[in-house]
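Colleague: I am new to this structure and would like a close look at a single part, the place where the two chains meet. Please go through it slowly, and then set it against the rest of the model.

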Amino acid sequence: MNLKRLAVLAIVAIAVILPGFAADKAKVTLTEMVSQGWTTEADEALAAQFTKETGIGIEWQVTPADQHHDLLKTKLNAGEAPDIFWIQSNKWAVKTEVDAEKNCIDFTNESWVKTMPPAKIESVSYKGKVYGQGYYIKGVSFPVLYNKSLFAQYNIAVPHSYADFKKACEALKQAKIVPIYEAVPAGWHHVLWIMQIGGRYAELQSGVVEKLNTNKIKMIDVKPFVTAVKQLQEVAKLGYFGSDYMANSIDDQDMVMATRKAGMTLAQSGEINKIKTDYPDCKDDFGVFVIPLVDNQTSQSDPNGPARFGYVKSKYQSEIRQYFAFLARKENLQYKLDNTSGWTAIDVADSVGIEQHYIPAEKELMATLPQSKTGVIWQAATSYTNDQWMDIGKDLSAMFIGKMTPEQVVQAIDERRAKIAKANGDPAWK
Amino acid sequence: MIRNKLYPLSFILPALVLYLLLFIMPSVLGIWFSFTDWNRYSPDIHFVGFDNFRTLFTSSKDYSGYILNTLLFTVVSNVVKIVPALFLALFLNGAMKGRNVYRAIFFLPAVLSFLVVGLIFRSVLHPSHGLLNQFFMAVQLPFLAGKWLADPTWVWPSIFLVDAWKGIGYVMTIFLAGLQSIPLDYYDAANIDGAGYWQKLRAVTLPMLVPAITVNVVFGLTYGLKVFDIIYVLTNGGPGRMTEVINTAVFNEFASGTYGLGTALSTLLFVVMAIVGIPLIRYMTAKEVEV
């Protein structure tokens, strides 16, 4: 009798406990924290596909762009970060932004690492260990996207110098069209103007990157950089950003370009496809040219970009590894490229064999730029610059309203570089 | 005899231990850390004396401006809430139809989260497609349209008004509770003496309301000096750094991993609160009228 009871109890226990285990397995949900605008529906679809395949859920935590950086750092500092988090990665940010040795899962031995090109691997690594996974747009980083049809209508030539650029802006302003759509409240976008032309600064003042990174000179000593900040101030003062640039939303960027409310904006080339898809009534043609501050005509590459990292204190490290491996599959990388309307090419290793989709505007731009003139964006070339992106944004914003001078903006960058470098124990700043 | 009925002093121990552990100790530790170079990048912590405080007053980052902004917010936000809330409470304390509905309507914004309020008002106050400017355009008053949160002239008034919209109901409720505790006999006596509305307000209502005013001022003072949420969600300290306050700066320092500097700012906030708060509370409690 007792044995019978025991057997029944055992069967009941197995019946209750086993599904319980299964349910627990299915209930694993990874939280993924990302800044607004860094992911698209393609990323959500891939996450959903991953859940379908594995039963592991992905819960997105999308933070406002101007708060992501601070929120993530606060969470990391408090030891309460989500399972997966994104940063604008570069070889310095891996240490200074997320302190990867302390906070991130080491993915060095994962087979998917080789799907990233060498420059990208460097941007998510620290002391030879790979901590992140990043697949971003390939091509000229953040050129000026312009309405070709409007330019043709008002006989405006594509600018190849700062003087040409001002002429183009003035012509649009006279036509009652906002020359350049800018959205300062986003906090990050207006910083691109002075950061995406690092190659030009290096071209005008040779050896400048090495000297900056070894603290032999300060940013204030980089005259072309100071000039670029002054020119940006002038562009704003002359009204070329329109009257609402201090209140505009970056989410309206495509709408204003599609509806001819603005003639130019800073965006990735692939945004042209997005405008065409989202606004089918727009019959205008669009093109791109490089940011012409300090007469820049160099092509700028960006080995950085948003990247995912796994939290080392997460309970679900094997699930995170599974997720990253899933995302790195060739078919999923191709899916991401094919289904992200702002993208025309994805920065992956050639060995992956992705079919890229460069658009005519990009091919046209590349044809006009001398191949010898290529450079690296400023925040990727110089240390402790990317870390203070949002602070630079605030300072530029203060400059626009007359509370800071361009020189003060640059000096503030130097001050913050010194602060971060010292805190990092960088011997060049001792 | 009464002494026998009192609980023994040891009963206070559990609460006292918790209070010491969870409140006093972190506060004292915070003050200690403000004299160190504690940061996220290095495991070592060194005593640096007044270095962090020196940085606060000499850095190109305008920390003293942030302190002044905090004081400005504390004073103005209290005035724009307490004065209208007092008159609202007086109005809604009288006999009128549907007064509970009105009270609920005025109190409603107080239960909304700052995040929601921030998102709503950032949209409402947008210069091009915000509801407020659209309204001014629709009623043919385009000259009234402004760049509320983006214009250095209008950003502070905009913040004060949004803060008042959210907080007035709460302040009003405290005043209503105070008004309802005033015995009607005083008003009867004043009526017999032939006192008018303003005389009754000055000689009866306000003196009897001092405890409620004290509560509101103290709450308002601590809220104002510790302000963070409303600034963060509406302007994030912008445009430029015009609306940065002590706590947004503390948040930024902690986010940057410079804990020592962040705790120095917090310590400074504590000192400012003590200097402003203690004399004010003493002064106001001395004025309270026993009923």
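Modeller: What follows begins with the contact between the chains and then turns to each chain by itself. Please keep in mind throughout that this is a predicted model.

The contact draws on 33 residues from chain A and 32 residues from chain B. Between them, chain A and chain B bury about 2,700 Å², and 45% of that area lies on carbon and sulfur atoms. On the side of chain A, three residues stand out, since A:Asn77, A:Lys394 and A:Lys419 supply 21% of the area that chain A buries against chain B, which is more than any other three residues supply.

One of these residues, A:Lys419, also takes part in a salt bridge with B:Glu253, in which the closest N and O atoms are 3.1 Å apart. The count of salt bridges between chain A and chain B is four, and the count of residue pairs in polar contact between the two chains, with both residues at pLDDT 80 or more, is 10.

As for the elements that carry this surface, α3 (65-78), α4 (93-96), α19 (389-400) and α20 (406-423) of chain A each supply at least two residues of the side that touches chain B. The largest share of that side comes from α3(A), which gives seven residues. Sorted by kind, the residues of chain A that touch chain B divide into nine nonpolar, nine polar and 15 charged.

The partner, chain B, is built from 13 helices and zero strands. Along the principal axes, the C-alpha atoms of chain B fill a box of roughly 80 × 75 × 30 Å. Of the 291 residues in chain B, 44% are buried, and among the contacts in chain B between residues at least 6 apart in sequence, 68% join residues at least 24 apart.

Chain A, by contrast, does contain strands, and five of them form an open sheet of mixed pairing in the order β2-β1-β3-β12-β6. The strands β2 (57-63) and β6 (132-133) of chain A stand at the edges with a single partner strand each, so one side of each is left without a neighbour in the sheet. The partner of β6(A) is strand β12 (residues 305-310), and the two pair in the antiparallel sense over two bridges; in one of the pairs of this ladder, A:Gly132 has A:Phe309 in β12(A) as its bridge partner.

Another pairing in chain A joins strand β7 (residues 144-147) to β10(A), which run antiparallel and are linked by four bridges. Here A:Asn147 stands opposite A:Phe286 in β10(A). Strand β10 (residues 286-289) of chain A is covered on both faces, with A:Phe286 and A:Val288 buried on one side and A:Gly287 and A:Phe289 buried on the other.

A last residue to look at is A:Gln268, which is found in the loop between β9 (262-266) and α14 (271-278) of chain A. Although it sits in a loop, A:Gln268 has a relative accessible area of 7%, and because this is under the 20% cut-off, A:Gln268 counts as buried. Leaving aside residues up to four places away in sequence, A:Gln268 touches A:Tyr136, A:Ile137, A:Val140, A:Ser141, A:Phe142, A:Pro143 and A:Leu145.

Technical notes:
Residues numbered from 1 in each chain as written. Chains lettered and ligands numbered in written order. Predicted model: local features only at pLDDT ≥ 70, side-chain atom pairs only at ≥ 80, totals over all residues. Heavy atoms only, no water. Buried < 20%, exposed > 50% of the residue type's maximum accessible area, 1.4 Å probe, protein only. Pairing = 2+ DSSP bridges. Contact = heavy atoms within 4.5 Å. Buried area = accessible area lost by both parts, 1.4 Å probe. Salt bridge = Lys/Arg side-chain N within 4 Å of Asp/Glu carboxyl O. Polar contact = N/O pair within 3.5 Å; in protein donor to acceptor, adjacent residues only side chain to side chain. Nonpolar A, V, L, I, M, F, W, Y, C, P; charged D, E, K, R; others polar.
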